[in-house]
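Biologist: Please take a close look at one part of this model for me, the pockets together with the helix packing beside them. I would like one connected account that I can follow with the structure on screen.

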Amino acid sequence: MIILRLDRVMADRKMSLNELADKVGISNVNLSNLKTGKVKAIRFSTLDAICRVLDCSPGDILEYKSDDNTEKF
């Protein structure tokens, strides 16, 4: 399972949703959906822009957590 930590990074940088959306060039609605985990995918170009604006790496925003209910191969 991929967990989004965008809200934590934004809080650390003291950046609002509106400010980040403006600087990244996406709508507030799309950024809000991303922040709350309501999306299934993110474009690398969007991730790149978010990381550039927040001065972070993708690993600061995205976290992998093993889902104990998944079948192991």
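Modeller: Happy to; I will start with the whole chain, go on to the two pockets, and finish with the helix contacts.

This is a predicted model, so to speak of a local feature we need pLDDT of at least 70, and side-chain atom pairs count only at pLDDT 80 or more, while totals for chains, interfaces and linings use all residues. Residues are numbered from 1 along each chain as its sequence is written, and side-chain values use heavy atoms, with hydrogens and water left out.

The protein chain has five helices and two strands, where helices (H or I, at least four residues) and strands (E, at least two) are DSSP runs numbered from the N terminus. Their order from the N terminus is β-α-α-α-α-α-β. Along the principal axes, the C-alpha atoms fill a box of roughly 45 × 20 × 20 Å.

Now the pockets. A pocket here is an open set of points, on a 1 Å grid over the protein atoms alone, where a 1.4 Å probe fits, with protein on both sides within 12 Å along at least five of seven lines; lining residues have an atom within 4 Å of a point. The largest pocket has a volume of about 210 Å³, counted as the space filled by probe spheres set on the points, which are joined across faces, edges and corners. Its lining consists of Ile2, Leu4, Leu34, Lys35, Thr36, Gly37, Val39, Lys40, Ala41, Ile42 and Leu62. β1 (2-4) and α3 (28-35) each give at least two of the lining residues. Seven are nonpolar, two polar and two charged; Ala, Val, Leu, Ile, Met, Phe, Trp, Tyr, Cys and Pro count as nonpolar, Asp, Glu, Lys and Arg as charged, and the others, Gly among them, as polar.

The second largest pocket holds about 170 Å³. Around this pocket sit Ile26, Asn30, Leu31, Leu34, Val39, Ala41, Ile42, Arg43 and Thr46, and α3 gives the largest share, three residues. Six of the lining residues are nonpolar, two polar and one charged.

Helix α3 also packs against α2 (residues 17-24), at about 115° with the axes 9 Å apart; axes are lines fitted to C-alpha atoms over the stretch in contact, and angles run from 0 to 180 degrees between N-to-C directions. That makes α2 roughly perpendicular to α3 (a label for 65 to 115 degrees). Leu17, Asn18, Leu20 and Ala21 of α2 touch Asn28, Leu31, Ser32 and Lys35 of α3, contact meaning heavy atoms within 4.5 Å. This set has four nonpolar, three polar and one charged residue. Leu31 thus appears in this contact and in the second pocket's lining.

On α2, Leu20, Lys23 and Val24 also meet Thr46, Ala49, Ile50, Val53 and Leu54 of α4. Those residues divide into six nonpolar, one polar and one charged.

How values were computed
Angles under 35 degrees count as roughly parallel, over 145 as roughly antiparallel, 65 to 115 as roughly perpendicular and the rest as oblique.
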